[in-house]
Amino acid sequence: MKLFRSIRWRLQLWHGLLLVLVLVGFGFTAWRLQQATQLKRVDQELERRIAVVAGAIRRGGGEPGRTQDRPPPRDRQPGRPSPVPPEIRLTPRDVSQFEGVSGSAFYYVAWLPGGGEISRSSHAPPIISCPSRGDERSEARTRGPFREYFHFTPAGDCILVGRDVHDELAGIRRFAWFLAGAGGMVLLLGLAVGWWVSTRALRPIAEISAAATKISTGDITQRIQTSDTSSELGELAQVLNDTFDRLQASFARQAQFTADASHELRTPISVVLTQTQAALARERTVTEYRECLAACQRAAQRMRKLTESLLTLARLDSGECPAIRELCDLGRIARDATELLRPLAGEQRVALDITTATTPCAGNAGQLGQVVTNLVGNAISYNRPGGSVHVRVSAEPGSAVLVVTDTGQGIASEDLPHIFDRFYRADKARSGATGHSGLGLAITKSIVDAHGGTIEVASALDQGSSFTVRLPVSPPRPELPEDPE
Ligand code: ADP
């Protein structure tokens with residue numbers, strides 16, 4: 001049933017059940033206490049009168065004023081009736097204790113051990129049977145509207161004193177009804193307060209659900225409106241809002257990335273189209289055809305480079321090509337990669353020198369080679385004729401360090417925070433024309449991050465830049481599954 005799947009209804013049900021249990025327990029205890037107090041008062045009065053009647057029993061012409069607890073005569077067996085029938089002689093003061101309006105007056109009946117009646121007061125109900133003796137000599141009982149107290153004397157006589165307690169019983173019943181009414185009202189009030197509290201407490205859930213529904217329909221700008229941030233649900237709403245913020249930012253980055261990638265591809269595609277259209281427009285000389293094909297080849301190479309970069313980034317993002325943590329020599333990797341770039345440095349008339357020593361580090365040699373290629377390639381490309389590039393690899397406690405320093409154009413301070421962003425180019429006009437797509441440093445940073453290392457840059461305009469990469473010497477410990485204990 002949908003009703004019982006609702007958290008609010010379930011809370012209300014448990015709350016109601018608990019309330020009923022507490023109220024019934026409390027009401028029953030109060031009712032029993034009231035009943036016991038009322039009957040105890042009556043019992044005390046009955047007990048007093050039992051003593052009066054017991055004291056007035058005269059056996060075999062005994063002296064007046066002796067109590068009924070005197071020992072039976074020696075020649076008489078207990079329980080056997082005395083030869084002289086006993087009688088009850090009450091003083092006028094004693095008699096006054098059994099007088100009053102019939103119905104509220106006390107009465108007594110006394111029986112011989114054999115069950116024969118000795119005496120009874122005038123208000124005694126016509127039908128009263130002699131109680132049978134149990135473990136106790138004195139006991140109280142409620143018989144219909146009467147409360148009676150009986151006592152067995154050592155001689156075996158039974159004295160019963162009673163009174164109509166109709167009024168007391170009615171009072172106890174009234175009290176029970178009062179308790180039931182008050183309990184019902186407290187229950188209703190408790191349920192109403194519980195409903196109000198659960199509604200208030202669960203309101204953020206409704207807001208979360210409404211916001212999540214809107215977001216699921218595509219409106220990622222929606223946020224959960226919650227003023228109460230201190231409660232658990234408020235904290236949850238805050239966490240979800242932060243998650244939605246990150247999701248929105250990530251979607252925006254994704255959209256920007258796609259737009260940038262399309263934009264980058266558009267230029268070489270346009271080159272291919274323009275060149276081919278121009279070549280096909282009329283008959284061309286062999287040299288012209290060659291130039292056209294060379295331009296198309298350059299455009300295709302640029303597209304291949306770009307798609308390779310995009311593919312590398314996508315793989316790094318998805319964790320498809322995780323850094324294989326093998327022990328390698330960063331010094332050797334840097335030397336090999338730098339030597340491959342020496343012809344480019346020669347073309348640009350940039351001096352390239354390298355200082356390395358055997359420097360162990362944990363990583364993927366192929367990916368680390370790409371890091372060196374990207375950094376040294378940039379240091380040559382963004383240099384000036386006659387400038388220099390210095391590559392240094394050294395060991396520091398716990399890490400292997402690669403520093404690439406150049407004497408090139410440098411990076412403006414406003415560009416520094418963005419140079420690791422995808423498709424970011426500080427010098428847009430120049431780097432775009434030379435086929436730089438702004439993905440090199442983004443790939444470099446992704447690789448360094450995947451290796452658990454860090455990359456930093458220091459640069460001054462027209463003075464040069466210095467990139468420092470720190471990689472851990474030992475592979476990070478694999479995460480151990482949590483100990484269940
Ligand atoms: P690109 O393919 O454009 O070189 P990168 O991601 O490698 O892309 O570099 C991002 C931008 O950072 C470059 O466009 C360039 O403006 C700047 N940059 C990178 N390295 C250097 C450097 N050594 N000297 C000056 N500017 C640099």
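**Entry 1: the shell around the ligand**

I sorted the residues of the shell around the ligand by type and got 9 nonpolar, 8 polar and 3 charged. The model I am working from is a predicted one. I then looked up which residues come nearest: of the 20 around the ligand, these are Asn378, Tyr382, Asp406, Ala426 and Leu441.

Next I checked the backbone around the ligand's oxygen atoms. A backbone N or O atom of leucine 441 is 2.7 Å from a ligand oxygen. For glycine 438, I noted a backbone N or O atom 3.1 Å from an oxygen of the ligand. Alanine 426 also has a polar backbone atom 3.1 Å from a ligand oxygen. I looked up the cover as well: on its own the ligand has 530 Å² of accessible area, and the protein covers 97% of it. Three elements give two or more residues each to the shell, namely α9 (365-381), α11 (440-450) and β14 (464-472).

**Entry 2: salt bridges of glutamate 264**

I searched the whole structure for salt bridges and found 13. Glutamate 264 came up with two partners, so I followed both, arginine 302 and arginine 425, starting from the fact that glutamate 264 is buried at 6% relative accessibility.

In the pair with arginine 302, the closest N and O atoms are 3.7 Å apart. Glutamate 264 belongs to helix α5 (residues 232-281) and arginine 302 to helix α6 (residues 286-318), and the two residues are 38 apart in the chain. Is arginine 302 buried or exposed? I have to enter arginine 302 as partly exposed, with a relative accessible area of 24%. The cut-off for buried is under 20%, so arginine 302 does not qualify.

In the pair with arginine 425, the closest N and O atoms are 3.0 Å apart. Which parts of the chain does this pair tie together? Glutamate 264 is in helix α5 and arginine 425 is in the loop between β12 (399-406) and α10 (428-433), so the bridge joins parts 161 residues apart in sequence. Here I could enter both residues, glutamate 264 and arginine 425, as buried.

**Entry 3: other salt bridges**

I looked up glutamate 396 and arginine 470, whose side chains form a salt bridge at 3.2 Å, N to O. Glutamate 396 sits in strand β11 (residues 388-396) and arginine 470 in strand β14, with their positions 74 residues apart in the chain. β14 is already in my notes as one of the elements that give residues to the ligand shell. Both ends of this bridge are partly exposed: glutamate 396 has a relative accessible area of 33%, and arginine 470 has 28%.

I also noted a network of salt bridges that links Arg141, Arg143 and Glu148.

**Entry 4: positive phi**

I turned to the backbone angles. Most residues other than glycine have a negative phi. I wrote down two residues with a positive value.

Phenylalanine 423 has a phi near 65 degrees. I placed phenylalanine 423 in the loop between β12 and α10, where arginine 425 also lies. Phenylalanine 423 counts as buried, at 9% relative accessibility.

Aspartate 462 likewise has a phi near 65 degrees. I placed aspartate 462 in the loop between β13 (454-460) and β14. Is aspartate 462 buried or exposed? Its relative accessibility is 66%, and the cut-off for exposed is over 50%, so I entered aspartate 462 as exposed.

How values were computed. Residues numbered from 1 in each chain as written. Predicted model: local features only at pLDDT ≥ 70, side-chain atom pairs only at ≥ 80, totals over all residues. Heavy atoms only, no water. Near = heavy atom within 4 Å. Polar contact = N/O pair within 3.5 Å; in protein donor to acceptor, adjacent residues only side chain to side chain. Areas by Shrake-Rupley, 256 points an atom, 1.4 Å probe, with all protein chains shown as cover. Helix = DSSP H or I, 4+ residues; strand = E, 2+ residues; numbered from the N terminus. Nonpolar A, V, L, I, M, F, W, Y, C, P; charged D, E, K, R; others polar. Salt bridge = Lys/Arg side-chain N within 4 Å of Asp/Glu carboxyl O. Buried < 20%, exposed > 50% of the residue type's maximum accessible area, 1.4 Å probe, protein only.
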